[in-house]
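Colleague: I'd like to learn how to read an interface between two chains. Can you walk me through one?

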Amino acid sequence: MLTFASDFGSPYPAAVKGVLCSTVDESARIVDVAHDLPRQSVRAGAFWLRETLPYFPPAVHLVVIDPGVGTDRAAVALRVGDHALVGPDNGVLRPVARRLAAAQATDDGTDTAPEIEAFEIHYENPASATFHGRDVFGPAAGEVHAAGVDAMETLDDLTPMPVGDLVDLDLPAADVDESEGRATGEVLVVDDFGNAITNLPGTVLDGVDSVLVNDERVPAVESFAGVDRGERLVTVGSHGNVECDVNHGRGDEAFGVDVGDRVVVEW
Amino acid sequence: MLTFASDFGSPYPAAVKGVLCSTVDESARIVDVAHDLPRQSVRAGAFWLRETLPYFPPAVHLVVIDPGVGTDRAAVALRVGDHALVGPDNGVLRPVARRLAAAQATDDGTDTAPEIEAFEIHYENPASATFHGRDVFGPAAGEVHAAGVDAMETLDDLTPMPVGDLVDLDLPAADVDESEGRATGEVLVVDDFGNAITNLPGTVLDGVDSVLVNDERVPAVESFAGVDRGERLVTVGSHGNVECDVNHGRGDEAFGVDVGDRVVVEW
Amino acid sequence: MLTFASDFGSPYPAAVKGVLCSTVDESARIVDVAHDLPRQSVRAGAFWLRETLPYFPPAVHLVVIDPGVGTDRAAVALRVGDHALVGPDNGVLRPVARRLAAAQATDDGTDTAPEIEAFEIHYENPASATFHGRDVFGPAAGEVHAAGVDAMETLDDLTPMPVGDLVDLDLPAADVDESEGRATGEVLVVDDFGNAITNLPGTVLDGVDSVLVNDERVPAVESFAGVDRGERLVTVGSHGNVECDVNHGRGDEAFGVDVGDRVVVEW
């Protein structure tokens, strides 16, 4: 199967889907992940893909968040065990690649993560200088799917490259000081609901029923229903991180934080 | 086949689709119904699902509009003839279940509606307290699809329960007084176009070319094209109910009504 | 396979998809093109479909942009070689039909475009006067798919009609004066990014590094990355036309142009 994620909005993804449908067999499943990922944000895309793609069975994952389209950034395909990732070499694929590797180690019980293997995608004079999703990445993802993830080295347009040569991206880690009872992190993304998702590990909320968030006391609850409508809360989101939320409201506004803003939790 | 409706916005549905794809065969169709159903509105969801799901062939329908996630509300699966509905026990599944039953009675010409059968879904310690779509309902829908709707009682995670124990929800009925030529109802939902969809049966517009709507005279027409651009109208919407609309405009604003507001039509 | 494009927003497309799923085999692919095409804009729809559908392999394409629903406009199906188009007779299908014909001529190397063949779709008393997508076009598209594009004349509900009787629509052409170094056109559509897409052929930017756009000098670059963030640019978009854009911003606002506005480029 094949998944497709982008920041293209609408209707640009349709042309890419046309290209994919032209290459892969009609019996193969093609799934839209999302096409409204935060525009041109490599970091936000990296976060959402890391939290989303590992739920899929083995697949070719096409990812086009590509603020550098038209520059000389490379086009790459990664193989992570049974999964392949196809997209620009700007780091957006790295966090999900690591997560996919870790997930497969857990799944097969060996605790041995598959190695991430990298390939450069060769392309010449794409029809458009600004729509590589349609003209470069879509065709490449279709080819990888048609050949099979285990046969990527047989494709003429792919050349193995050292993983170390890829642009890397690590989502920033929080600084947790258990002895002081304080964790310092930042907002990674704000979701559609207005939930401000931090990089603070959910474990900092273990066993407490309230914390200080940037010096203000806020209930720490299991779910939104733990506070009244309109009230602020912190909780462990579905990704395992601390979220700053409001029941039936926008956490980003109520906490006055946006992407990249510092969040200090004390317990 | 399997359908999926939610109020999740984006990109949360993708993780659920990953779970579904991990359980059901690649040859099975998975269709997104909508993921921007009015947020946390059980009633609006119930309306749209009732008007939408009966057009599908027999399917497992996953529905996640779940303002009570994290409380002790139950997770349930309903069987209605060839269809199954999987979601929270908050009433959102009930109107569509009744409609599906009625539709199947009509389809097979017996005028005997299949009984609605209910099952409680058992789950323990889902990975997230706030994302049961991914961790509870998605897996359950996948299991029901894999086993087949007629084999729901064979699933370990499902226990039959009396339908009478389900949380019920009935969309409010209008009060039609034929002798007075007056019907009193309310706005059930406002759609993306701004059309204010009431619970007044379309039959109240039979044979009239205008009506009083909350004391103001408005043309009653077959379609938007029956009035000039920017003009108000009432018409029978695709769901069979009276809508308060504007040709190329927003009916909710022009009529000054919102969800739950009273609408009186006199003819 | 079958594609579906509309200006329905959400959740109306789901009922149509239910109808399609009820007619076509589960093994057939059904792809959403877009459902947020500019509302009731036949011209914008015609543009986007022309730029999108030709990337698909042979398919039945359901298109519902239908401001005249409920009037006596006809419902039609077109055959263009291996492709079929189903929708209202308001011109929205014509530009893409011509493009599909031209593309197939190129593909098979004959330079002979297949003829466009037209059929009128007969329907009586659809369940709704305002939702022909669900009650007329969806069922017709499903029937065409089930019968096969090469068997459209065997369908009882379709009657061949002269192509010349169809409502026609041509997207306006630009006026290019090579000797004066000036091209005069207009904005066809503004996309989600705010890019103002004109009807000026991209060739007018060949070999120049800046142009006058409505009397103001603007860099002509290969891609957004060719100017600093927040700066204006003109470039050749993925459709081959000149776009008035801003790197990380909205071109329509920065150039002060909207759909239909005149754009003069001088080089």
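Modeller: Sure. Start with buried area, which is the accessible area, taken with a 1.4 Å probe, that two parts lose on being put together, summed over both. The size of an interface is often given that way. Keep in mind that this is a predicted model. Here, the area buried between chain B and chain C is about 2,300 Å².

Colleague: What share of that area do carbon and sulfur atoms give?

Modeller: They give 56% of it. As for residues, chain B puts 29 into the contact and chain C puts in 30.

Colleague: And how many salt bridges and polar contacts cross between chain B and chain C?

Modeller: A salt bridge needs a Lys or Arg side-chain nitrogen within 4 Å of an Asp or Glu carboxyl oxygen. By that rule, the interface of chain B and chain C has zero. Polar contacts do turn up there: 13 residue pairs, both partners at pLDDT 80 or more.

Colleague: Which elements of chain B supply the side that touches chain C?

Modeller: β2 (30–34) and α2 (42–52) of chain B each bring at least two residues. β2(B) gives the most, with four residues. By type, that side of chain B splits into 15 nonpolar, eight charged and six polar residues.

Colleague: How is chain B related to chain C?

Modeller: A turn of 120° with a shift of 0.0 Å along the axis lays chain B on chain C, at an RMSD of 0.0 Å. That is how a three-fold axis relates copies. The copies use different surfaces, as 10% of chain B's contact residues recur in chain C.

Colleague: Which residue of chain B comes closest to the rotation axis?

Modeller: B:Ser27, with its C-alpha at 3.8 Å.

Key: Residues are numbered from 1 along each chain as its sequence is written. Chains are lettered from A and ligands numbered from 1 in the order in which they are written. This is a predicted model: local features need pLDDT of at least 70, side-chain atom pairs count only at pLDDT 80 or more; totals for chains, interfaces and linings use all residues. Side-chain values use heavy atoms; hydrogens and water are left out. Contact means heavy atoms within 4.5 Å. A polar contact is a pair of N or O atoms within 3.5 Å; within protein, one must be able to donate a hydrogen and the other to accept it, and residues adjacent in sequence count only if both atoms are side-chain atoms. Ala, Val, Leu, Ile, Met, Phe, Trp, Tyr, Cys and Pro count as nonpolar, Asp, Glu, Lys and Arg as charged, and the others, Gly among them, as polar. Copies are superposed by least squares on the C-alpha atoms of residues with pLDDT of at least 70 in both.
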